[in-house]
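Reader: I'm new to reading structures, and I'd like a close look at one spot and what surrounds it. Could you pick a side chain, tell me what it holds on to, and then work outwards from there?

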Amino acid sequence: MKNIMNAFDDISKPDLICFSHLRWNFVFQRPQHLMTRIARERRVFFFEEPIFTDESAARLHVYQDGENLYVATPHIPHGRDEVELNATMKELLTELMDSYEIAQHMSWYYSPMHLKHSYHLTPVVSVYDCMDQLANFKFAPQELPLLEQSLINKVDMVFTGGFSLYEAKRHLHRKVYPFPSSVDTTHFAKGRAVRQDPADQAHIPGPRFGFAGVIDERIDIELLDQVAAARPEWHFVMVGPVVKIDPASLPKRPNIHYLGGKPYEQLPEYLGGWDVAILPFARNEATRYISPTKTPEYLAAGRRVISTSIRDVVHPYADKNLVSIADDAATFIEKAEAILADQAGYDAWLERVDQFLTQNSWDKTYSDMWQLIHAQYIVQNVVQPSAVYGTQA
């Protein structure tokens with residue numbers, strides 16, 4: 001048994017191939033937090049979805065981001081049909097594995113769509129980290145639910161990005177484990193000590209209500225517009241890229257400010273200049289299972305929070321009186337006025353926040369996940385030694 005355990009941790013430790021629907025350099029969130037931690041111990045290859053180009057031939061662009069982390073992006077000529085596309089993606093994946101001499105490896109999936117060109121792999125351990133119900137998102141491929149079921153049938157274990165997703169997936173696999181959104185508390189706690197606003201936020205009057213994240217079909221733009229119209233003296237700062245929706249559809253008012261996407265390193269500077277942080281999510285199929293990463297990040301920055309009644313925000317954050325819940329403009333205004341008036345209660349609230357966050361970190365999430373993966377690796381080495389080395393027929 002000792003030799004088997006050492007095989008996972010010694011110099012020949014397996015590489016990890018992460019198959020993601022999110023771009024590495026898009027928004028720093030769950031995949032980036034976990035993969036950067038895994039890369040401290042072994043090589044990680046972050047295999048992205050294709051970029052379609054006018055080039056005449058397919059190619060794989062690989063660059064290194066840190067000592068052990070490689071980002072691989074397929075570039076595919078326009079016009080290839082589904083069969084040709086999948087064959088080309090499989091060829092580029094094989095090219096990656098050959099070029100970097102990837103022998104033993106683990107597979108880590110964020111998107112079932114990647115199964116179409118990776119089904120032939122024989123990883124030593126395979127994980128589906130289901131961070132969202134992607135089939136419910138705008139423009140999701142119709143084949144996604146079927147591919148997800150195939151992926152769940154194939155992998156050794158399933159992680160979920162929250163408890164509502166866990167409830168939805170727990171009956172589909174014998175090993176399903178909930179891992180809600182975590183936080184790098186040290187990083188976001190910098191927001192508590194901010195003394196100077198970023199240049200594009202400095203001119204915005206207060207009180208400020210801020211959002212940081214992707215602005216897409218999940219945002220309740222009607223709620224945002226109604227509150228901004230009712231309280232023109234309040235200012236709403238929206239930090240993040242606009243995707244999948246027409247920017248022209250967003251409410252335009254003098255007190256709503258769209259600042260665009262910001263680097264992860266700068267987010268505490270923006271959060272630190274807000275009076276209240278907001279999670280104005282619509283209640284629809286796209287948000288039914290989300291566990292917003294921004295909830296603990298806002299709290300770590302010392303910001304009071306108002307959210308709509310997203311299940312994984314209500315439980316546990318609202319249950320523990322750390323976050324206020326409002327689904328309509330009148331309730332939002334009522335909660336906001338109460339927060340702005342309650343300066344005396346801030347210290348007691350922050351003490352509860354800090355106590356809660358001691359049990360919530362990406363380091364702990366990574367450690368807990370890795371214990372499960374390590375145990376699975378040992379079991380498969382003992383029970384099916386041929387599968388570990390990729391020699392089974």
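Author: Start with the side chain of His173, which reaches the backbone nitrogen of Lys175 at 2.9 Å. The His173 side chain also reaches the backbone oxygen of Val155, again at 2.9 Å. Both are polar contacts, meaning pairs of N or O atoms within 3.5 Å; within protein, one atom must be able to donate a hydrogen and the other to accept it, and residues adjacent in sequence count only if both atoms are side-chain atoms.

Before going on, a word about the model: it is predicted, with local features needing pLDDT of at least 70 and side-chain atom pairs counted only at pLDDT 80 or more, while totals for chains, interfaces and linings use all residues. Residues are numbered from 1 along each chain as its sequence is written, and side-chain values use heavy atoms, leaving out hydrogens and water.

So where does His173 sit? You'll find His173 in the loop between α6 and β9 (176–178). Helices here are DSSP runs of H or I with at least four residues, strands are runs of E with at least two, and both are numbered from the N terminus. With a relative accessible area of 9%, His173 is buried. The cut-offs, with a 1.4 Å probe and protein chains only, are under 20% for buried, over 50% for exposed, and partly exposed in between.

If you skip residues up to four places away in sequence, His173 touches Ile152, Val155, Asp156, Met157 and Val158. A touch, or contact, means heavy atoms within 4.5 Å.

Two of those partners lead somewhere. Take Ile152: it is one of the buried residues of helix α5 (residues 144–154), along with Leu144, Leu147, Glu148 and Leu151. These buried residues cover an arc of only 140° around the axis, which puts them on the same side of α5. The arc is that of the directions from the helix axis to the C-beta atoms. There's a handy rule behind this pattern: an α-helix has 3.6 residues a turn, so residues three or four places apart point the same way. Over on the other side of α5, Leu146 and Asn153 are exposed. The buried residues of α5 pack against β6 (105–109), α4 (115–118), β7, β8 (157–160) and α6 (163–169).

Now take Val155, the residue whose backbone oxygen His173 reaches. Val127 touches Val155 too, and also touches Met157, another partner from the His173 list. The other residues that Val127 touches, leaving out those up to four places away in sequence, are Ser107, Trp108, Tyr109, Phe159 and Ile373. Val127 belongs to strand β7 (residues 126–130), one of the elements that the buried side of α5 packs against. At 2% relative accessibility, Val127 is buried. Although Val127 and Phe159 are 32 residues apart along the chain, their C-alpha atoms are separated by 7.4 Å.

Want another helix to set beside α5? Look at α9 (residues 221–230). In α9 the buried residues are Leu223, Leu224, Val227 and Ala228, and they fall within an arc of 125° seen down the axis, so they line one face of the helix. Those residues pack against β11 (235–239), β12 (256–260) and α13 (329–341).

There's also a small surprise by α9. A search of the whole structure turns up 1 cavity of 30 Å³ or more: a set of points on a 1 Å grid over the protein atoms alone where a 1.4 Å probe fits but cannot get out, with lining residues having an atom within 4 Å of a point. The volume of this cavity is about 30 Å³, counted as the space filled by probe spheres set on grid points joined across faces, edges and corners. Leu223, Leu224, Val227, Phe236, Ile278, Pro280 and Phe332 line the cavity, and α9 gives the most to that lining, with 3 residues.

Definitions and conventions. 1 Å grid on protein atoms, 1.4 Å probe; cavity = no way out; pocket = protein on both sides within 12 Å on 5 of 7 lines; lining within 4 Å.
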